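Q: Could you walk me through how the protein meets the DNA in this one?

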There are 2 protein chains.
Amino acid sequence: MEDYLETIATLKKEIGVARVKDIGRLLNVKNPSVNAALNVLSDLGLVFHERYGYVDLTDKGEELAQNIKKRHDIMVRFLTTILKIDPKTAEEDACRMEHAMSDETFEKFTKFMEFVETCPKKERPIWLQNFDFYIKTGKRQNCTKREDK
Amino acid sequence: MEDYLETIATLKKEIGVARVKDIGRLLNVKNPSVNAALNVLSDLGLVFHERYGYVDLTDKGEELAQNIKKRHDIMVRFLTTILKIDPKTAEEDACRMEHAMSDETFEKFTKFMEFVETCPKKERPIWLQNFDFYIKTGKRQNCTKREDK
DNA sequence: TTTATTAGTTAGATGAAACTAACATATACT
DNA sequence: AGTATATGTTAGTTTCATCTAACTAATAAA
């Protein structure tokens, strides 16, 4: 159900409206599956859908959808920028992992990416460059003593 | 199914044998569900199970189970040591996230934790201590220039 | 304005994974 | 050995998300 909400939000943002057909296309399910899902979401007060009309999100649904999109986004960013996972795989993994995260974990992941992305030194923090090196060579650089705290 | 394999491996390790009852207890399902799962896993050549006997893993099943346990373990370690998620939540999240990770992501997570845990400087790398500080205060320490690479 | 095409809906089927209730076996106790 | 209790199994049901096929409504074209 989270996937449906997320897709509806995406479609509204991308092409202005959410149609049954497009929701199904993006989620790789057929129209009747979309319909069934919309009935459930409608009962839950998350979407507004009248017969043969476009699909819309209620305030509550919009809020939930945005939350899920944020989870998705943070996982993609983490996987691509920290772990250097290729974008396609990162996207797929994020799609699955986004549903498995507790609120607490989501918050912390967000903080973590904030911490990395606002690094004042240079674009990519030193320690991450060291990690890149470790991935590439299996060895550490900068292993001599240093006194910075 | 991955959960069943993982649980069987855990039981064998912890108490020596895997019984239907104990598998069910750990996974919060009833005996008949365990039985049905064992039939499937048996057909897939992942477990060995004869009527009224203990459950055992085939070599293939053992390998898969260990792989899943490694995913679980790496996620718990990441969540607790990097993000400082409380152990209970970390455990729950790991249980769900472990199934959502691609091989590639698993490998990189593993490298990442290796990189962090073998830090030669002190127990906890400086940058992680900086992250801890950022979490606690919302501010960065060490924001002045420094020349170490 | 009639008809063709496209999109949406409904009804009914399937498969997966769980359940309960009833039955079977094994083990441990007397 | 005989029986009670635990555990394991089978049969049959439920729920859920998907599907296909058939039908309906909206739209665009002739």
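A: Here is a short tour of the surfaces near the two DNA strands, and please keep in mind that this is a predicted model.

Q: Which residues are the closest to DNA strand D, and how many surround the strand?
A: DNA strand D is surrounded by 17 residues, and the closest are A:Lys30, A:Ser33, B:Lys21, B:Asn35 and B:Arg51.

Q: What part of strand D faces them, sugar and phosphate or bases?
A: Among the atoms of DNA strand D within 4 Å of the protein, 72% belong to sugar or phosphate, with the rest belonging to bases.

Q: Which phosphate contacts can you point to there?
A: B:Asn35 places a polar side-chain atom 2.3 Å from a phosphate oxygen of DNA strand D, while for A:Lys30 a polar backbone atom is 2.8 Å from a phosphate oxygen of that strand. The elements giving two or more residues to this surface are helix H3 (31-43) of chain A and, from chain B, helix H2 (20-27) and helix H3 (31-43).

Q: OK, switching to strand C, what are the closest residues?
A: For DNA strand C the closest are A:Lys21, A:Asn35, A:Arg51, B:Lys30 and B:Ser33, out of 17 residues that surround the strand. Of the strand C atoms that come within 4 Å of the protein, sugar and phosphate account for 77%.

Q: And which element gives the most to that surface?
A: H3(A) does, with 3 residues.

Q: How does the surface near strand C divide by class?
A: The surface near DNA strand C has 8 nonpolar, 5 polar and 4 charged residues, and one of its phosphate contacts comes from A:Arg51, where a side-chain N or O atom is 2.2 Å from a phosphate oxygen.

Terms used: Residues numbered from 1 in each chain as written. Chains lettered and ligands numbered in written order. Predicted model: local features only at pLDDT ≥ 70, side-chain atom pairs only at ≥ 80, totals over all residues. Heavy atoms only, no water. Near = heavy atom within 4 Å. Polar contact = N/O pair within 3.5 Å; in protein donor to acceptor, adjacent residues only side chain to side chain. Helix = DSSP H or I, 4+ residues; strand = E, 2+ residues; numbered from the N terminus. Nonpolar A, V, L, I, M, F, W, Y, C, P; charged D, E, K, R; others polar.
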